[in-house]
Structures are given as C-alpha cells and as structure tokens.
Amino acid sequence: MASKPAPRAASTTRPGACSRGKPAGFTPERFERELQDLADRARSDTFSNRLLGQLNVYLRIVLPLALLGLYSNVSQLNLSPVYGSIPSSIWHAKLVMGGCFLGWAGNTFLRDSFSITPANALPLVAVCIPGLQHFLASFSQTLGPKWGPVLTESLTLLPLAVFTSASIADSWEGARLGMLPGFVADAGPGIGSWALFKLFENQIGLHLPRIIGRLLVFTRLGLELVLGFAYMVLAPSKYLIYAAFPCLHSLFLNPHLQSQAASQSLASSLMTDNWLLIERRESVTGYISVLQSIQQGFRVMRCDHSLLGGEWISHGGGLVSEPVYGVFAMLEAVRLVDSAPPVDDKDAQALVIGLGAGTTPSALVSHGINTTVVELDPVVYEFASKYFGLKENNPPILQDAVSYTAELAKTAPSTYDYIVHDVFTGGAEPIDLFTLEFFQGLHALLKPQGVTAINYAGDLTLPSSKVIYRTIKQVFPTCRIFREMPPDMEAVKTTGLDFTNMVIFCKKTDDSPLSFRRPTAKDFLQSPAREEFLPLPNEIPETDMLLGEDEGILTRNETSKLAKWHETSAIGHWSLMRLAIPAMVWERW
C-alpha cells in the first residue's frame, strides 16, 4: 500500500511581514538569545551530567526493587500470626511473580489509562496494606489457612508488585541501552530487574530475623510504616493527601503496632472476652505472647500460630507447674529408662534442646538433675522465666542448636545421661534439627548408657513421620514410640488426619531392650498430669512406623524430601490450634 504524501509545512511568515528576507519578529537580540540557549544546552550535555541522569534512572529502578524485596518478607511476617508461616508461603511466590509480570506487561496501559502514574500510586498502595491486613485477619476463620493468605496478599502485596514493576518498566525507558546488542537491550531489563529483586528478597529474608523486634521500627507493623514513608519520599505527589487516613489508622487504631498504647488497647479488648494479654514481643522465631484464659484457668506461650507450651493456673500447689499438654510430662520419662548401672538424679547430666514454657527442664531440675537448656530465642527464655516459673541450675545456651551441638560433640563427647529434643514445630518440623547429621551429634554427646527423648508433632498419616523415625533408627538402634493420646479413628476416617504429639525414646546400645521402671510418687511431683502420662499408656508399635513405602532418610543435603509434606501437616496443625484457642485471640495478636 502506497504511503500518503506528507503534508506541506505551514508557512511561518505572512505576506508583508518580511523585510529583506528576514522572518517576522527577528531581532539581533532574539538571535543572540537563541544562540545562548543552544550554547547552554551544549555545555549541560556533558559526560558528568549524562552520568548523573543515568544514575537517577537506575536509582529509580533499584530502590523500588529493594523496597519490594523487603515488603515481600514483611508481608509474610504479618500473615504468620494469623495463618502460620507455611500456609502464608504456599501462594506467596506465585502472587509476587504474577504481579511483577502483569505490571511489566501492562505498564503502558496503566500509565495511559489513569490520571496517576504507577510510581505515584505506589505510596498509596503501601500505606493501605496494614489496614487491609488488619481488616482481613478478622475473616481468617471463614477463609481458612488455604484461601486466607491468598486473598489477603491478592489485595495487598499483589497490587504493590504490579505498580512496582510498571514503574520500573517506565524508568527503563530512560536508560541508554543503544550500545548493547538488540536482544540484550530487549530482554535484559526484564531479566535483570527480576534477578535483582530476587537477590534483595533472599538477602533480606536471611538477615531480617536478626533485627526483628529490637526496636519499634523493626517490628512487623513498624517496618510497614517505614516502607510506606519510604515510598512517599521516593514518589512525592499531590495524591499523598489520600494517604493521611491509612497512616493515622496504622498509628492509632491498629492493635498490631508494638506500642504501649496499642498493647493496652488490645489487652482491654481481649479482657472483655475473658482473655488476659500478659506480654507480647516480636523476636527471632516469630511473634511471641503470653496469654491467660480467665474463664478456663490456664496460661500459654504463643509463637505465631502455634503454642509453645502452657500451664494450668487453677491447678497450682504442686512442686512444679501443671502442664496443659501431656507430652511435656511424657518427656520426663527419659529418667525412668532402665540402665546398668542405674544413674542417681543428683549425678545425672541432662541437655534440653528447645525450651518452650520450660515444663520439662523445670521438672528435671526439681529432681536434682544438672540440666542445661539450648534455646534459640531469648524472648522465649525471658517469658518462661517471668511467667512460667522456670527452674534452672545452669545458665541457658541462647544459640542455634545445630551449630552448638555440632561443636560440643567435638569438644565434649559422652557428656550427658539424658538429652531431650523438644523443638518448636508449628505443624512442620524444623528440618535441620531432624537430619541424620544432627542425630549423630546427639549420639556423640550421650554417655554409653545415655537415653534421648525426641518430641515429634505431626500428622502420622503422612510419610514424613516415617522418614523421621527411619532417620533416628539409623543412629539409635533401640527405640520405643509413644503418642500423647490414643487415635480417634472416627476423626481419622472423616478428616484423613492423625495429628498428634509423640515421643521417641532411644538409647545408644542394642545389647538389651529399652524398658522403663515403674514411676513412684516422687516422680509425679504432686502433679495429676504426670500421674496420667508418665506411665506412657499409648505406645505405637514400631512396625507401624517401618511398614509401607520406604521414603528413605533425611540428610542435610536432602531436606526437600520432608518439605513437600509440610503444607498438609501445617494446615492440619492450624485447625488444631483454632480448637485450642479461639479464633479471635489468634486474629487480634
């Protein structure tokens, strides 16, 4: 098809308006001024100015990517107290990737279809996220752990990813890429932006737990407020007036703000429902709080969407606290295992990995056993000491158990008569603490006649429990398994889940079967729970854990073997936690 001829340019002069061929309005002064303008532009188009211009372009690319990488981590932290860390992560990466793709592909549409640019929309989206998360959390019981996180991040983090990606695509249009090959200039910006975002996201995820909770600005909501302010500085505009109300809501009406005023307001709100908020804090393992049911008479320590332990306040008067879960009393049966020669309590050495509310180590200390506790989270230790009457005869080891036991196994082997492995699971085992290598370290730390008690909380219908048991058996040849409560076969048939606490007792040798002496009144410490659970009434036959398809064992380099079952286990655990504590307590955190 022939192209249309170009139209003639309109004349810039009028008849009679020229004199001696000069255009109308021409003067020597105007000519000199135009020459000066051209000279100024030529002088300003220097290498340094071009470099500064390009630096500005790349800063507008890098900074939003860094902010999105931080918000990606903070968003999951904000969902964890309501849904748990694993349910919150199931769709998280897919939503972020989808949002970035939509923003990159549709940046022209977003820029041309609305009066506000994607960059100017970012602060408005960011400051609205805390309020939306708070509002949607109240529907968590209806939405459930599968769809609640999806809906919440679809209305919060997804739009932030869309507008971030769109604004970055706009910024790339100002980058000078003419010197690059065509395919690199076309694909490089998109691939490079995504790679840079993932780098920020991963590195922030590694280092954020080290500072979380140390200051108000390093709490979950504090970080969201800081991010909202950072977006405002990055993209100031007249539209920021609309951010005033969301900011005021986050500062004065959102109970998740870790301020004294917000905590008092939340405590008053919970008190109307017969719940007492004693203290709360954000720390390296999650959101930690101590709560007490006034009506039912028990106190618990919470970490995100799980319970670390608790005690019955209404059943006081014993030598130690009365645990709300029988599994903590079961762990104390480690000192009832027969050994030759028998070990007197006053001569015994015990290592407890994982503190929780401190039920088991307090009981061991009450029996006179020299007990050392390894606990990662200093806030857990502080709350156990302040609110659960933790008994100690050694200062705690506030370190990562994996590195600490590995080093101790080299320098002080055959040290302990008893090792209690009782780590926080939250519906999914912390994989590094259940590997072959970790159990080998515990084996080295035990004396020749030593015994270990390993608490495992999970769904026994999943292969993960069998993988864990087979891994333990690779290290400890003689074991017996006990569950906290007998299985509810009707519930198992209805739900397909058999979520329970079980304790695996093992010894280093295979020269004789593992047996227990009968507990006495002294062993019970005047505790009804110990009278019920120390005799270990619910044994699981070892064949139940060894029969079926062999999924192998868990090693340090094959942790993905266990992770694939985490989602099912964590969702089952979420439902159990909602039966133990009302939904409104989890939601208000």
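Select helix α15 (residues 378-387) in this predicted model, and bring up the four strands beneath the selection in your list: α15 lies across β1, β2, β3 (298-303) and β4, and its direction runs at about 150° to β1.

Keep those strands displayed and hide the helix. They form an open sheet of four strands in the order β1-β2-β3-β4, and the pairing is antiparallel. At the edges stand β1 (275-283) and β4 (306-312), each with a single partner strand, so one side of each is left without a neighbour in the sheet. Looking along the sheet, you will find a twist that averages 15° from one strand to the next. Now narrow the selection to β1 and strand β2 (residues 286-293), which run antiparallel and are joined by eight bridges; as a marker for this pairing, label R280, which stands opposite S289 in β2.

Next, move to the other sheet on this tour, an open one of seven strands with mixed pairing, whose order is β6-β5-β7-β8-β10-β9-β11. Its edge strands are β6 and β11 (539-540), each of which pairs on one side only.

Within this sheet, select strand β5 (residues 349-353). Is this strand enclosed or open to the outside? Four of its five residues are buried, so β5 is largely enclosed by the rest of the structure. Toward strand β6 (residues 370-374), β5 makes five bridges, and the two strands run parallel. Two residue pairs help to trace this pairing in the viewer: Q349 has N370 as its bridge partner in β6, and I353 has V374 as its bridge partner in β6. To follow the connection between the two strands, add helix α14 (residues 359-366), through which the chain crosses from β5 to β6 in a β-α-β crossover that is right-handed. Strand β5 is also joined to strand β7 (residues 416-421), in this case by four bridges, and again the strands run parallel; here the pair to label is L351 and its bridge partner in β7, I419.

With the seven-stranded sheet still shown, look at how α14 sits on it: the helix packs on the sheet, touching β5, β6 and β7, and its direction makes about 165° with that of β6.

Then select helix α17 (residues 436-445), where L436, F438, F439, G441, L442 and L445 are buried. To see what surrounds these side chains, display β5, α16 (401-411), β7, β8 (446-459) and α18 (463-475), against which the buried residues of α17 pack.

For a pair of packed helices, go to α4 (residues 92-105) and α8 (residues 157-172), whose axes are 7 Å apart and which pack at an angle of about 35°. Their crossing is right-handed. On the α4 side, select H92, L95, V96, G98, G99, C100, L102, G103 and W104, which meet L157, L158, A161, V162, S165, A166, I168, A169 and W172 in α8. Colouring this contact by residue class gives 13 nonpolar, five polar and no charged residues.

Finally, select K564, in the loop between α23 (560-563) and α24 (566-580). Is K564 buried or exposed? With a relative accessible area of 53%, K564 is exposed, the cut-off for that term being over 50%. As a last step, add F424 and draw the C-alpha to C-alpha distance to K564, which is 19 Å, although the two residues are 140 residues apart in sequence.

Methods: Residues numbered from 1 in each chain as written. Predicted model: local features only at pLDDT ≥ 70, side-chain atom pairs only at ≥ 80, totals over all residues. Heavy atoms only, no water. Axes fitted to C-alpha atoms, helices over the stretch in contact; angles between N-to-C directions. Left-handed = near helix turned anticlockwise from the far one by under 90°. Contact = heavy atoms within 4.5 Å. Nonpolar A, V, L, I, M, F, W, Y, C, P; charged D, E, K, R; others polar. Buried < 20%, exposed > 50% of the residue type's maximum accessible area, 1.4 Å probe, protein only. Pairing = 2+ DSSP bridges. Right-handed = clockwise from strand over helix to strand, strands pointing away.
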